[in-house]
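The exercises below are meant for a reader who meets this structure for the first time. Each one sets a task and then works through the solution step by step.

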Amino acid sequence: MIEVNQIIKNLIPTEPVTIIKLQPLGNMYSIKYTGVNTHKTSTKVISKAQFESLEVLTAEGEFNFTLIPQHYYKIFFLST
């Protein structure tokens, strides 16, 4: 279940967002969010089906170590 302060993807196509406020409206949801990269705040109303398709990446303030090991190789060796 998506909650306030979680970082999700698939709400907007350009970047992941942090959920600021979440309000159920019958079979719809009103979501106030801030873009992780742009820091732009907006509100979007989506259907329950769209809401259920959102993917939680992490919660704000938590670390997410889901990089594929090949990425560590590229980051380490290409940056040295």
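Two strands pair if DSSP finds at least two bridges between them. Helices (H or I, at least four residues) and strands (E, at least two) are DSSP runs, numbered from the N terminus. The model is predicted: local features need pLDDT of at least 70, side-chain atom pairs count only at pLDDT 80 or more, and totals for chains, interfaces and linings use all residues. Residues are numbered from 1 along each chain as its sequence is written, and side-chain values use heavy atoms, with hydrogens and water left out.

**Exercise 1. The outline of the chain**

Task: State how many helices and strands the chain has, and in which order the elements run.

Solution. Step one is the count: the chain has two helices and five strands. Step two is the order, which from the N terminus on reads β-β-β-β-α-β-α. Step three concerns cover. A residue is buried under 20% relative accessible area, exposed over 50% and partly exposed in between (1.4 Å probe, protein chains only). By this rule, buried residues make up 26% of the 80 residues in the chain.

**Exercise 2. Strand β3 and its partners**

Task: Determine which strands pair with β3, and in which sense.

Solution. Begin with β2 (residues 17–25), which pairs with β3 in the antiparallel sense over eight bridges. Next, take β4 (residues 41–47): it runs antiparallel to β3 and is joined to it by seven bridges. Residue K32 illustrates both pairings, since K21 has K32 as its bridge partner in β3, while K32 has T43 as its bridge partner in β4. Finally, consider the cover of β3 (residues 28–35), where six of the eight residues are buried.

**Exercise 3. The two hairpins**

Task: For each hairpin that involves β3, find how many residues lie between the strands and which residue takes a positive phi.

Solution. The hairpin of β2 and β3 has two residues between the strands, and G26 takes a positive phi near 70 degrees there. The hairpin of β3 and β4 has five residues between the strands, and here H39 takes a positive phi near 65 degrees. H39 is a residue other than glycine. With a relative accessible area of 60%, H39 is exposed.

A further positive phi belongs to N5, at about 75 degrees, although N5 is not a glycine. N5 is found in the segment before β1, and its relative accessible area of 40% makes it partly exposed.

**Exercise 4. The surroundings of S30**

Task: Decide whether S30 is buried or exposed, and list its contacts beyond its neighbours in sequence.

Solution. First, locate S30 in strand β3. Second, compare its relative accessible area of 15% with the cut-off: S30 is buried. Third, collect the contacts (heavy atoms within 4.5 Å). Leaving aside neighbours within four places in sequence, S30 is in contact with K21, L22, Q23, L25, T43, K44 and V45.

**Exercise 5. The aromatic pair**

Task: Identify the aromatic pair and describe its geometry.

Solution. Rings of Phe, Tyr and Trp (its six-membered ring) pair if their centres lie within 6.5 Å; planes under 30 degrees apart count as stacked, over 60 as edge-to-face and the rest as tilted. A search of the whole structure finds one such pair. Its members are Y29 and F51, 3.9 Å centre to centre with 15 degrees between the planes, and the pair is therefore stacked. It links distant parts of the chain, with Y29 in strand β3 and F51 in helix α1, 22 residues apart. Both Y29 and F51 are buried. Y29 also stands opposite I46 in β4.

**Exercise 6. The salt bridge**

Task: Find which residues form the salt bridge, and explain what the pair ties together.

Solution. A salt bridge is a side-chain nitrogen of Lys or Arg within 4 Å of a carboxyl oxygen of Asp or Glu. The whole structure yields one. K9 forms it with E55, the closest N and O atoms being 3.7 Å apart. Because K9 lies in strand β1 (residues 6–9) and E55 in strand β5, the pair ties together parts that are 46 residues apart in sequence. As for exposure, K9 is partly exposed at 33% relative accessibility, and E55 is partly exposed at 38%.
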